[in-house]
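Trainee: I've just opened this one and don't know my way around yet. Can you walk me through it?

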Amino acid sequence: MTSDVVIRPSGRKFSVEQDESILIAALRQGIQLPHSCRGGSCRSCLARIINGEFSYLHGPPIGLLPADGPAGRVLLCQAKTSVDLEIEVRELDPGPGISTHRLPCRVQRMKQLAPDVMALFLKLPSVEPFLFRAGQYVDFLLRDGKRRSFSIASPPHDADPLEIHVRKVPGGRFSGWVFGECQEKALLRLEGPLGGFFVDEKDARPIIFVAGGTGFAPIKGMLRQVFQAGLKRPMHLFWGACQEIDLYEDGLIREWVGVRPTLRYTPVLSEAAGQDNWAGAKGWVHQAVLEEYPDLSGHQVYLSGPPQMIDAARADFAAHGLPEDQLHFDSFEYALD
Ligand SMILES: Cc1cc2nc3c(=O)[nH]c(=O)nc-3n(C[C@H](O)[C@H](O)[C@H](O)COP(=O)(O)OP(=O)(O)OC[C@H]3O[C@@H](n4cnc5c(N)ncnc54)[C@H](O)[C@@H]3O)c2cc1C
């Protein structure tokens, strides 16, 4: 049995199978709605119900707030319905020809970037063009049906091979495999591109990029893309890491800054203690942003990294005047098997 969902204000319509997530149904039919974790925690897929009833696939998701129900707000990644629905949500436009599909790929090359970060360079089938926006991510499809999300560090104009940065997670299935068993020529399956984390090139505001750890991966792709597009907007990259060794592409960024007067760079270390020679910013990366930009009302911000960093930054940036629609983020939520 299927139900119809109408999106406002666009009026576009899609169908949902019973017991299927509304978000997944939309993506399956080529309708790009905002999302990130797909596990009910990051709140990127928040929408408003105008008409109709819904329930949650696995009970109330962890990202749901007490005020959401009374306000008619729903987290689409976890919601299902058995009746026709009318919802209000912003649709994303990644661009012509960009749609999510599954494809095999081969590990062409591996490069250890830091003690716990490995770059994978993936060769995709040449018969099938893989179109995406810089900043989007892919899901690796594991043999037992589980999936793991990783951002694309390449820009679309230089995506062969496709670059991915994998941080080693203690006990992590996929990252453990990458660091332990993966070898060049290994075969993987992925689904992508996914997500709505890409630069709004039409806007003219100065951009602040904030990365935490491997949150630098999508931002690397975005920066290379905006350089390629010739964007002249002022841009400031803040990169937060534990120690200097974790700023695994610091040299590359400094080279960019040397030749691009519109780009500024502030690395921030949270565990600088014991690093006597570190003269740069210390503490939490989002606080370093606020020290430099106490009024964010005229900026556009792109944030990616660990969920704790995203949550803290979202709250504090809003309190410092950042309009809600000028905050774009990808929260590196852990896979919810
Ligand atoms: C949209 C998106 C993009 C992402 N992009 C990247 C990326 O570019 N690079 C990257 O390194 N990661 C990225 N992540 C995070 C990555 O998908 C998760 O960390 C994933 O769970 C790692 O898979 P794994 O199999 O290695 O570990 P799992 O088997 O999933 O995890 C094993 C255990 O560790 C916990 N855990 C998992 N990840 C972390 C963590 N980061 N910190 C602390 N505990 C953890 C889990 O809860 C679990 O208990 C992204 C996540 C999302 C949602």
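Trainee: Which domains is the chain divided into?
Mentor: Domain 1 covers 2-88, domain 2 covers 101-194 and domain 3 covers 207-331. Keep in mind that this is a predicted model.

Trainee: Okay. How many Å separate the centres of domain 1 and domain 3?
Mentor: 31 Å, taken over C-alpha atoms.

Trainee: And how many helices and strands does the chain have?
Mentor: Six helices and 19 strands. The radius of gyration is 20 Å, close to the 20 Å that the globule rule gives for 337 residues, so the chain is as compact as a globular protein of that length. Its C-alpha atoms fill a box of roughly 65 × 50 × 40 Å along the principal axes.

Trainee: What percentage of the residues is buried?
Mentor: Buried residues account for 41% of the 337. As for contacts with a separation of 6 or more, 70% are between residues 24 or more positions apart.

Trainee: Switching to the ligand. Which residues come nearest?
Mentor: R167, G172, F174, S175 and Y334, out of 24 residues around the ligand.

Trainee: Which element gives the most to that shell?
Mentor: Strand 11, with four residues. Strand 12 (162-167) and helix 2 (173-180) also supply at least two residues each.

Trainee: Which domains does the shell draw on?
Mentor: Domain 2 and domain 3 each provide at least three residues. By type, the shell holds 10 nonpolar, nine polar and five charged residues.

Trainee: Back to strand 11. I clicked on R148 there. Is R148 buried or exposed?
Mentor: R148 is buried, because 21 other C-beta atoms lie within 10 Å and the cut-off is 20 or more.

Trainee: What does R148 touch?
Mentor: Leaving out residues up to four places away in sequence, R148 touches D139, F140, L142, F174 and A335. F174 is also one of the residues that come nearest to the ligand.

Trainee: New topic: helix 5. Which of its residues are buried?
Mentor: V285, H286, A288 and V289. Seen down the helix axis, these buried residues fall within an arc of 155°, so they line one face of helix 5.

Trainee: What does that face pack against?
Mentor: The buried residues pack against strands 14, 15, 16 and 17, and against helix 6 (307-319).

Trainee: Which helix 6 residue should I click on?
Mentor: Try D316, which is in helix 6. Beyond its neighbours within four places in sequence, D316 contacts H286 and L290. D316 and H286 are 30 residues apart along the chain, yet their C-alpha atoms are separated by 8.2 Å. D316 itself is partly exposed, with 16 other C-beta atoms within 10 Å.

Trainee: Anything odd in the backbone?
Mentor: Start with the general rule. Most residues other than glycine have a negative phi, and most peptide bonds are trans.

Trainee: So where are the cis peptide bonds?
Mentor: One joins D160 and P161, with omega about 5°. P161 sits in the loop between strand 11 and strand 12. Another joins G192 and P193, with omega about -5°. P193 is in strand 13.

Trainee: And which residues other than glycine have a positive phi?
Mentor: D19, near 65°, and R43, near 70°, are examples. D19 lies in the loop between strand 2 and helix 1. R43 lies in the loop between helix 1 and strand 3.

Trainee: Are those two buried or exposed?
Mentor: D19 is exposed, with 10 other C-beta atoms within 10 Å. R43 counts as buried, with 23 C-beta neighbours inside 10 Å.

Key:
Residues are numbered from 1 along each chain as its sequence is written. This is a predicted model: local features need pLDDT of at least 70, side-chain atom pairs count only at pLDDT 80 or more; totals for chains, interfaces and linings use all residues. A residue is buried if 20 or more other C-beta atoms lie within 10 Å of its own, exposed if 12 or fewer, and partly exposed in between; C-beta atoms are placed from the backbone. The arc is that of the directions from the helix axis to the C-beta atoms. Two residues are in contact if their C-beta atoms, placed from the backbone, lie within 7 Å. The radius of gyration is taken over C-alpha atoms; the globule rule is 2.2 Å times the number of residues to the power 0.38. A residue is near a molecule or strand if its C-beta atom, placed from the backbone, lies within 6 Å of it. Ala, Val, Leu, Ile, Met, Phe, Trp, Tyr, Cys and Pro count as nonpolar, Asp, Glu, Lys and Arg as charged, and the others, Gly among them, as polar. Domain bounds come from an automatic or database domain assignment.
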